[in-house]
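Thanks for making time this morning; I would like to walk through one chain with you, starting from a single helix and working outwards to the packing around it.

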Amino acid sequence: MPDKSDQKKILVIHGPNLNMLGKREPDIYGHESLAEIDARLKKDGGKLGLDVETFQSNYEGALVDTLQQAAGVFHGIVINPAAYTHTSVAIRDALAMLDIPVVEIHLSNIYRREPFRHTSMIADIVAARIAGFGAYGYTLALQGLVGMLQPDAL
C-alpha cells in the first residue's frame with residue numbers, strides 16, 4: 001500500500017437525509033447505513049491509492065462551506081447532493097469555483113423517478129455522473145476518479 005502522503009485526497013460529500021440510509025425507503029436507497037458506506041469507501045479508497053474523507057450534512061450552507069474549503073486540499077470530489085441536486089444554485093456555484101474533477105452520484109436511477117428529480121443543477125459542470133447502482137455507485141465514482149487523476153493506475 002502506498003504511503004498515505006503519496007495518496008490523492010478525495011472528499012465524498014453526502015447531502016440531506018443520507019444520514020438516514022438503511023432506514024429511509026430501503027426499497028429505493030438500500031439497506032446499508034451511511035456509516036457502512038463511509039467505512040467501505042475508506043477501505044476501497046485505500047486499495048485504489050486514495051485517501052478518502054467523508055462529510056454529510058442536511059444543511060445547504062454546511063455543504064457549501066465544505067466545498068469552499070476543499071480548494072487546494074483535495075484532488076477530487078464525489079458528491080451526492082441528494083434533494084439539493086434539483087434546487088441548489090449555491091452548491092453549483094461552490095462546485096464551479098473548484099478546479100478538480102467532481103463526480104455526481106445518486107443511489108437510485110433518478111430518471112426512473114418523479115420528473116422533478118430528472119433535473120440536476122450541477123450536471124453540466126461535473127466531470128461525470130453515476131446513478132442507479134445503489135451504494136456501489138460510490139465505489140464506481142472512486143474508480144472513475146482514479147482513472148481521471150492517475151490514468152496509468154488502472
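**Around helix H2**

Let me begin with the cover over H2, where E1, E2 and H5 are among the elements that contact its buried residues; contact here means heavy atoms within 4.5 Å, buried means under 20% relative accessible area, with exposed over 50% and partly exposed in between, for a 1.4 Å probe and protein chains only, and helices (H or I, at least four residues) and strands (E, at least two) are DSSP runs numbered from the N terminus. Before going further, I should say that this is a predicted model, in which local features need pLDDT of at least 70 and side-chain atom pairs count only at pLDDT 80 or more, while totals for chains, interfaces and linings use all residues. Residues are numbered from 1 along each chain as its sequence is written, and side-chain values use heavy atoms, with hydrogens and water left out.

The residues of H2 that are buried are Leu34, Ile37, Asp38, Leu41, Asp44, Gly45 and Gly46, so the list, by the definition of buried I gave, includes two aspartates. H2 itself has 14 residues and spans 20 Å from its first C-alpha to its last, close to the 20 Å expected at 1.5 Å a residue, where the expected span is 1.5 Å times one less than the number of residues. After H2 comes glycine 49, with a positive phi near 80°.

Stepping back to the whole chain, there are 5 helices and 5 strands, and along the sequence they follow the pattern β-α-α-β-α-β-α-β-β-α. Of its 154 residues, 44% count as buried, and among contacts with a separation of 6 or more, 75% are between residues 24 or more positions apart.

Which residues touch the most other members of the largest nonpolar core? They are Ile10, Leu41, Val52, Val78, Tyr138 and Leu142, in a core of 21 residues, a nonpolar core being a set of buried Ala, Val, Leu, Ile, Met, Phe, Trp, Tyr and Cys residues joined through side-chain atoms within 4.5 Å. At least two residues of this core come from each of strand E1 (8-14), helix H2 (34-47), strand E2 (50-56), strand E4 (102-106) and helix H5 (136-149), and H5 gives the largest share, 5 residues. A second, separate core has 17 residues, including Leu11, Ile77, Tyr84 and Ile122.

Valine 78 shows how the elements meet: leaving out residues up to four places away in sequence, its contacts include Ile10, Val12, Val103, Ile105, Tyr138 and Leu142. Glycine 76, in strand E3, is buried at 0% relative accessibility, and its C-alpha is 8.1 Å from that of lysine 8, although the two are 68 residues apart along the chain. Beyond its neighbours within four places in sequence, glycine 76 is in contact with Lys9, Ile10, Leu11, Ile100, Pro101 and Leu145.

Turning to helix H4 (residues 89-96), Ile91, Ala94 and Leu95 are buried, and because the buried residues fall within an arc of 100° seen down the axis, they line one face of the helix, the arc being that of the directions from the helix axis to the C-beta atoms. Their cover includes helix H3 (60-70), strand E3 (76-80) and E4.

In H3 we find threonine 66, which is buried with a relative accessible area of 14% and, apart from neighbours within four places in sequence, contacts Leu11, Ile13 and Phe55.
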